[in-house]
Amino acid sequence: MRNKIPNPKSQIPIKLQIANSKSRAWPLALGIFLGFGVWDLGFSADWPQWGGNSIRNMYSPVKGLPDTFGKIEFKTGTEDVDAKAVKNLRWAAKVGSQSYGNVTVASGKIFIGTNNDNPRDPRHVGDRSILMCFDEKTGEFLWQLVVPKLASGKVNDWESLGLLSSPTVEGDRIYVVTSRCEVLCLDINGMANGNDGPFKDEAKYVVKDVLLDRGKPTERPAPPIEPGPKDADIIWRYDMMDELGVFPHNASNCSVLIVGDVIYVCTSNGQDWTHSNIPSPNSPSFIAINKKTGEFLGEDDAHISQRIFHGQWSSPSVAPVNGRNLVLFGGGDGWCYAFDPKPVKEGDSSFLKTVWKYDCNPAERKKFKYPAAEGPSEINATPVFYKNRVYVAVGQDPEHGEGVGNLTCIDATKTGDVTASAKLWSFDKIHRTISTVSIDPDTGLLFVGDFSGFVHCLDAETGKLYWTFDMKAHIWGSTLVADGKVYVGDEDGDVTVIAANKGKKLPADKIKPGGPENEATVISETNLGSPVYGTPIVANGTIYIQSNSHLFGFYDAAKAGAPTDQSPKLDLDLKKK
Ligand SMILES: [Ca+2]
Ligand SMILES: [Ca+2]
């Protein structure tokens, strides 16, 4: 979880909007589309959580999406987008200088995690983790959550990474994990409608200022900063370090899952700086919390923390298996777990009982010591359920570099240790990856990126490889498949749109033994000007893609009835506030 690419800093706010942009509503019949209409899995035309809904397949059934974005250029010496050459732009907004926290959209608002290198509020300067909220239609900045850094420093809270969690929105509540290893419940309306909830201490929360004292980050007392209408409103707060003794390795990032009244959270418990010691082997890796009160409800029964390779950064998902919801979690031990969502009281605690578990590392990899490139890895991606199977690949902290990976298709209907019995297929040509799969139910094709920069297209049913496409730069985010297209970004800042099909037959002399027989059809490639660590998402007909410095909304201007020659119609006064 590092970034070594310098980024220009700017204090210039950017507001860029299409004057006649229209919000479009999309049909809500997505449950039927995926074949389980009765499940309340959070389907909507919004994208209110990581993956859009609780299944977290990086897929949207929306049609009519743009496939070219023209050229992203900045006015000389600034970070102002020069919209002349941009195509299908709805609006762009400035974020910080790093952005890993994936975009979510709900109730006309957009949320994105970033850092504080472009301070929106002069009262809050220096390294902070920021959740920004924008108006969906216009890109206007509405409010932000300011999270001070942990005094323990980079071992628990790596500098400048910003807020990594993708907020989960339900009704007027937002649930997010902060870089302080807390779960926060926020008010979607922020402080604009007053200070709500039992938590009223926002003025003190935002000023846990950290300074370097003889090289050691130290918390110093700072006068409270009273929140204004553009500040976040915290409803409740659950501190996983204080309450559970969790020791997050470098970063806490979970995009939480809601099932009914319960929130499921990866604690990010991990090793310390020695990379050989787990300070809190008895702290849970995965917990359940009451979404209304923030009260602890239960912990995983799998003792995962005793076997953590390094850190834990996987976000959970739901698997509706034969009429029963299971909660999926990718462990820091490289196992994929399916838990019963209902905590069961045993002794002094309550537990999420393991229904099945599967070791995603092939046995032969265990000969090598972690983090050897040939050896085993943890799971950082989110497991995805599709047709009674679960798809997930292994990978490592990007700091560990490239190495071998493994994508597995697991039969989700079995129970117990299913390593020997539930493998339907696996694909070990994939490299280490932190990316979640995209499965297109229209075609049964699966797309997944890897950290070595390759996008793979396979048959979800059989695991047959159709094509591999080389982005030529690390992929941190995930693919999005929608409208017959695969959207994917990379560390060079390139966003590539690829046809979501089996590709074209390669000439016989180009086919390598054991390699793909087809090649991908690229539709367009656009460089966003800074690294793309996030995942493209779609909400209400607009695709949102973040770079480290900007959030872009693209829609099909022609199909939305807007003129294709946008330049004269745009409100491009970027400095206008
Ligand atoms: Ca409020
Ligand atoms: Ca409050």
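Helices (H or I, at least four residues) and strands (E, at least two residues) are DSSP runs, numbered from the N terminus. The structure shown is a predicted model, in which local features need pLDDT of at least 70, side-chain atom pairs count only at pLDDT 80 or more, and totals for chains, interfaces and linings use all residues. Residues are numbered from 1 along each chain as its sequence is written, while chains are lettered from A and ligands numbered from 1 in the order in which they are written.

**View 1. The whole chain: three helices and 44 strands.**
The chain has 577 residues, and 56% of them count as buried. Buried means 20 or more other C-beta atoms within 10 Å of a residue's own; exposed means 12 or fewer; partly exposed lies in between, with C-beta atoms placed from the backbone. A contact is a pair of residues whose C-beta atoms, placed from the backbone, lie within 7 Å. Among contacts with a separation of 6 or more, 62% join residues 24 or more positions apart.

**View 2. The loop around Asn322, between β20 and β21.**
Strand β20 covers residues 317-321, and β21 covers 324-330. Asn322 lies in the loop that links them. Its phi is positive, about 45°, although Asn322 is not a glycine. Only 8 other C-beta atoms fall within 10 Å of Asn322, so this residue is exposed.

**View 3. Lys472, in the loop between β34 and β35.**
The flanking strands are β34 (465-470) and β35 (480-482). Here too, a residue other than glycine has a positive phi: for Lys472 the value is near 65°. Lys472 has 12 other C-beta atoms within 10 Å, so it counts as exposed.

**View 4. The β8-β9 hairpin.**
Strand β8 spans residues 128-135, and strand β9 spans residues 141-148. Two strands pair when DSSP finds at least two bridges between them. Here seven bridges join β8 and β9, in the antiparallel sense. One of the bridge partnerships sets Cys133 against Trp143 in β9. Five residues lie between the two strands. In that turn, Gly139 has a positive phi of about 80°. Seven of the eight residues of β9 are buried, so the rest of the structure largely encloses this strand.

**View 5. An open four-stranded sheet, β10-β11-β12-β15.**
The pairing in this sheet is antiparallel. The edges are β10 (168-170) and β15 (234-239); each has a single partner strand, so one side of each lacks a neighbour in the sheet. Neighbouring strands are turned by 15° against each other on average, direction ignored. Axes for such angles are lines fitted to C-alpha atoms, for helices over the stretch in contact, and angles run from 0 to 180 degrees between N-to-C directions. Inside the sheet, β11 (residues 173-177) and β12 (residues 182-187) pair antiparallel over five bridges. Ile174 stands opposite Leu186 in β12.

**View 6. A second open sheet, β26-β27-β28-β30.**
This sheet has four strands with antiparallel pairing. Its edge strands, β26 (384-386) and β30 (423-427), each pair on one side only. On average, neighbouring strands of the sheet are turned by 20° against each other, direction ignored. Strands β27 (residues 389-393) and β28 (residues 407-411) run antiparallel and share five bridges. Tyr391 faces Cys409 in β28.

**View 7. The cis peptide bond at Pro371.**
The bond from Tyr370 to Pro371 is cis, with omega near 5°. Pro371 sits in the loop between β25 (354-359) and β26.

**View 8. Ser530, a buried loop residue.**
Ser530 lies in the loop between β40 (522-527) and β41 (537-539). Within 10 Å it has 25 other C-beta atoms, so Ser530 is buried. Gln98 is 432 residues away from Ser530 in sequence, yet their C-alpha atoms are 9.1 Å apart in space.

**View 9. Asp82 in strand β4.**
Strand β4 consists of residues 81-82. Asp82 is partly exposed because 16 other C-beta atoms lie within 10 Å. Leaving aside residues up to four places away in sequence, Asp82 touches Glu73, Phe74 and Lys75. Lys71 is 11 residues from Asp82 along the chain, and their C-alpha atoms are separated by 9.2 Å.

How values were computed:
Two residues are in contact if their C-beta atoms, placed from the backbone, lie within 7 Å.
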